Amino acid sequence: NGIDINEPGKKHEYSGLGFELAAKAMEIRTGKCAAKVYNDHLFEPLGFGDVVMGNASSDGEFTALELAIIGQWIANQGSYGALEFVSPQTFAELLPKQLNLPGAATEQGLGLHGIKHLRPGAPANSTDPDDQLFSPNAVGHGSFSGCILMVDPDQQLVIVQARKQFRDGDNQYWG
């Protein structure tokens, strides 16, 4: 249903539809449900327990340790330990890029966006690299539940927060 209303390369609109379409393609290609593909080819090799998956774009229930392992996978450009899941060249395609499309106010990647936070005391809206808390290569993703995944490979830093649901006031300390 989404293919006929979206025009790739014409407009950016944040949604999980692309992940749902990719999951459907994996199901057609493998003959397995997407949750089984994720489990067999990502979660099990990474040593995760049973990850509850609702759909491909959201509803995954991860522990903080599992999110941190995914963060290390990001910091290692698609590898974890001796396991290479994607080549560095393929991984580079996941990273945020300026899209220059209507609706794309910031750099966007495939499930990742740039993380920009000012150091305490820095002038508001500063773009000076010295005023940034993280390096220009810091990436991550938040969620509707309030989970946080942030990776700064230049500082060898992974920050995660796992929770089941978002409550009023939960972003009080985000900055």
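## A tour that starts at S126

Select S126. This residue is buried, with a relative accessible area of 16%. The cut-off for buried is under 20%, so S126 falls inside it. Keep in mind that you are looking at a predicted model.

**Stop 1: around S126**

Where in the chain does S126 lie? Find the loop between β3 and β4; S126 is there. Now show the side chains of S126 and D131. A polar contact of 2.6 Å joins the two. Next, display the surroundings. Leaving out residues up to four places away in sequence, S126 touches L118, D131 and Q132. D131 therefore appears twice at this stop: in the polar contact and among the residues touched.

**Stop 2: N125**

Select N125. The loop is the one between β3 (113-114) and β4 (139-142). Is N125 buried or exposed? N125 counts as exposed, at 75% relative accessibility. S126, by contrast, is buried. Now check the backbone. Phi of N125 is near 65°, a positive value, and N125 is not a glycine. Why look at that sign? Most residues other than glycine have a negative phi.

**Stop 3: Q77**

Go to Q77. Here too phi is positive in a residue other than glycine, with a value near 60°. Which elements flank Q77? The loop that holds Q77 runs between α3 (64-75) and β1 (79-80). Q77 is partly exposed, and its relative accessible area is 43%.

**Stop 4: the aromatic rings**

Now colour the aromatic residues. How many aromatic pairs does the structure hold? There are 5. Begin with F43 and F62. Their rings sit edge-to-face, 5.6 Å centre to centre, with 80° between the planes. F43 belongs to helix α2 (residues 34-43), while F62 is in the loop between α2 and α3, so the pair ties together parts 19 residues apart in sequence. Check how covered each partner is. F43 is buried, with a relative accessible area of 4%. F62 counts as partly exposed, at 23% relative accessibility.

Move on to W73 and F91. This aromatic pair is edge-to-face as well: 5.6 Å centre to centre, 75° between the planes. Which helices does the pair link? W73 lies in helix α3 and F91 in helix α4 (residues 88-94), so parts 18 residues apart in sequence are tied together. Both W73 and F91 are buried.

Select four residues at once: Y38, F43, F48 and F62. They form one aromatic cluster. You have met F43 and F62 already, as an edge-to-face pair.

**Stop 5: the whole chain**

Zoom out and switch to a cartoon view. The chain has 4 helices and 6 strands. In what order do the elements come? Trace them from the N terminus: α-α-α-β-β-α-β-β-β-β. α3, the helix of W73, also borders the loop of Q77.

Next, show the surface. The chain exposes about 11700 Å², and carbon and sulfur atoms supply 54% of that area. Of the 175 residues, 26% count as buried. F43 and S126 are among them.

Last, turn to contacts across the sequence. Take contacts between residues at least 6 apart in sequence: 33% of these join residues at least 24 apart.

Note on methods:
Residues numbered from 1 in each chain as written. Predicted model: local features only at pLDDT ≥ 70, side-chain atom pairs only at ≥ 80, totals over all residues. Heavy atoms only, no water. Helix = DSSP H or I, 4+ residues; strand = E, 2+ residues; numbered from the N terminus. Buried < 20%, exposed > 50% of the residue type's maximum accessible area, 1.4 Å probe, protein only. Contact = heavy atoms within 4.5 Å. Areas by Shrake-Rupley, 256 points an atom, 1.4 Å probe, with all protein chains shown as cover. Phe/Tyr/Trp six-rings, centres within 6.5 Å; stacked < 30°, edge-to-face > 60°. Polar contact = N/O pair within 3.5 Å; in protein donor to acceptor, adjacent residues only side chain to side chain.
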